[in-house]
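Work through the exercises below with the sequence and the model side by side, and try each task before reading its solution.

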Amino acid sequence: MGANNGKQYGSEGKGSSSISSDISSSTDHTPTKAPKNVATTEETVAVVHSQPGTHTRSRQSKGHHHAPIDLLPDHSLLQIFSHLPTNQLCRCARVCRRWYNLAWDPRLWGTVRLTGELLHADRAIRVLTHRLCQDTPNVCLTLETVIVNGCKRLTDRGLHVVAQCCPELRRLEVAGCYNISNDAVFEVVSRCPNLEHLNLSGCSKVTCISLTQEASLQLSPLHGQQISIHFLDMTDCFSLEDEGLRTIASHCPRLTHLYLRRCTRLTDEALRHLALHCPSIRELSLSDCRLVGDFGLREVARLEGCLRYLSVAHCTRITDVGMRYVARYCPRLRYLNARGCEGLTDHGLSHLARSCPKLKSLDVGKCPLVSDSGLEQLAMYCQGLRRVSLRACESVTGRGLKALAANCCELQLLNVQDCEVSPEALRFVRRHCRRCVIEHTNPAFY
């Protein structure tokens with residue numbers, strides 16, 4: 001490109017100024033200084049519609065002045081631009097004509113990341129996709145990741161645009177966008193067959209994931225009605241019920257990571273469908289699903305050798321019975337969070353220790369029936385433990401901690417806050433596990 005194209009320009013053309021002023025008037029409540037990773041609507045619209053004008057070249061060419069960065073070749077600038085977030089890339093496109101052309105190189109637009117509670121997300125998505133579709137009408141073939149977490153103004157209209165324009169989408173995150181409904185999610189999963197990662201946490205209106213009726217009719221019986229999602233986060237989707245999870249399981253058999261924290265309407269029956277249709281699940285979180293009990297854990301245990309991560313924190317209906325199922329059928333378990341499961345005792349912990357020797361992380365905080373006997377079993381059979389939380393375990397004393405420290409030399413974190421343990425026991429842990437961070441509430445230990 002010519003040298004003149006690399007010069008900075010001091011004022012935008014007439015059309016660009018009017019566009020910027022129009023958008024500014026519609027976003028008067030937006031903070032003047034945008035957060036680091038926020039692409040404001042004003043910036044986005046200005047970039048799409050305002051390529052730097054030619055009148056700026058003559059003004060700058062009189063001085064024949066070049067900034068040092070103008071001497072870099074295009075491929076070097078592209079390499080720099082590739083490390084910038086969406087908002088910074090939009091700002092770079094406003095510097096000069098050369099930067100404008102480089103900033104819109106399709107190779108830089110594999111990911112769009114928008115944040116901000118006051119952001120007009122629907123409009124930002126619309127203008128961004130419109131610009132990215134210029135070289136390939138109606139579709140953005142390079143866009144594979146869209147992240148709009150926390151954009152509370154995002155609605156179904158914005159997701160409809162994503163569904164229609166981004167057929168190669170692989171990752172979509174809309175956490176905290178509580179205006180999203182089933183219709184928009186159905187359209188995205190139907191029109192984006194390569195979608196693998198979907199984060200819907202906090203989308204309280206979403207009750208299910210399925211294909212649209214139109215998409216279902218177009219599928220052949222041989223293909224079935226499968227969705228290729230591997231990772232699904234539906235934390236705080238309060239409206240999700242058993243029937244919704246049954247539909248999700250039947251349509252998403254490739255799931256490997258599923259997070260259902262605080263989906264409080266789910267019961268044991270839902271987990272039966274999960275184990276039946278999704279045999280490849282490696283990570284499962286049911287924290288605060290208070291209607292899930294031992295029968296549900298029996299169904300989870302049917303995942304057998306695949307399960308590596310399990311969280312049932314505050315599932316107060318779970319007892320040693322359910323834990324025995326997990327211990328027996330999930331020998332490769334690495335992480336278990338059973339915090340607040342008050343029915344768990346040393347007996348259940350013993351089964352777990354004997355059957356899951358590869359356990360790396362365990363949280364049994366606020367389990368008042370867990371005592372030194374259970375910890376001694378863990379120390380004997382799970383010597384690779386790295387993280388243990390015993391917070392508020394009233395029956396734990398220095399004896400159990402010493403057993404852990406003497407046998408689990410790889411221990412990196414030990415939480416004994418609100419436990420009745422002596423400073424001498426804590427010093428023993430520190431001597432034997434030098435890399436271990438000890439979280440405690442004992443003022444005599446320092």
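**Exercise 1. Find how many aromatic pairs the structure holds, and describe the one formed by F81 and W99.**

Solution. The structure holds five aromatic pairs, where rings of Phe, Tyr and Trp (its six-membered ring) pair if their centres lie within 6.5 Å, and where planes under 30 degrees apart count as stacked, over 60 as edge-to-face and the rest as tilted. The model is a predicted one, in which local features need pLDDT of at least 70 and side-chain atom pairs count only at pLDDT 80 or more, while totals for chains, interfaces and linings use all residues. Residues are numbered from 1 along each chain as its sequence is written, and side-chain values use heavy atoms, with hydrogens and water left out.

Step one is the geometry: F81 and W99 are edge-to-face, at 5.4 Å centre to centre and with 75° between the planes. Step two is the position in the chain: F81 belongs to helix α4 (residues 74–81) and W99 to helix α6 (residues 97–103), so that the pair links distant parts of the chain, 18 residues apart; helices (H or I, at least four residues) and strands (E, at least two) are DSSP runs, numbered from the N terminus. Step three is the burial: F81 has a relative accessible area of 3% and is buried, and W99 is buried at 10%, given that buried means under 20% relative accessible area, exposed over 50%, and partly exposed in between (1.4 Å probe, protein chains only).

**Exercise 2. Classify the pair formed by W104 and W109, and say whether each ring's residue is buried or exposed.**

Solution. Begin with the angle: the planes of W104 and W109 are 10° apart and the centres 4.7 Å apart, and the pair is stacked. Then turn to accessibility, where W104 is buried with a relative accessible area of 5%, and W109 counts as buried at 1%.

**Exercise 3. Which residues do ring pairs link into a cluster, and over which ring does K402 lie?**

Solution. The cluster linked by ring pairs consists of F231, Y259, Y309 and Y335. K402 lies over the face of F428, at 5.9 Å from the ring centre; a charge sits over a ring if NZ of Lys or CZ of Arg is within 6 Å of the ring centre and within 35 degrees of the ring normal.

**Exercise 4. Why is C208 not bonded to C252?**

Solution. A search of the whole structure finds zero disulfides, a disulfide being a pair of cysteine sulfur atoms within 2.5 Å. C252 holds the closest cysteine sulfur to that of C208, but the two are 8.8 Å apart, which is too far for a bond. C419 is likewise in no disulfide, with the sulfur of C393 as its nearest, 5.5 Å away. As for burial, C208 counts as buried at 11% relative accessibility, and C419 is buried with a relative accessible area of 9%.

**Exercise 5. Describe the surroundings of P167 and of E187.**

Solution. P167 sits in the loop between α8 (156–165) and β3 (171–173), and is partly exposed, with a relative accessible area of 21%. Leaving out residues up to four places away in sequence, P167 touches V139, C140, L141, R191, C192, P193 and N194, where contact means heavy atoms within 4.5 Å. E187, by comparison, is placed in helix α9 (residues 182–191) and is buried, with a relative accessible area of 13%. With residues up to four places away again not counted, E187 touches H160, A163, Q164 and T212.
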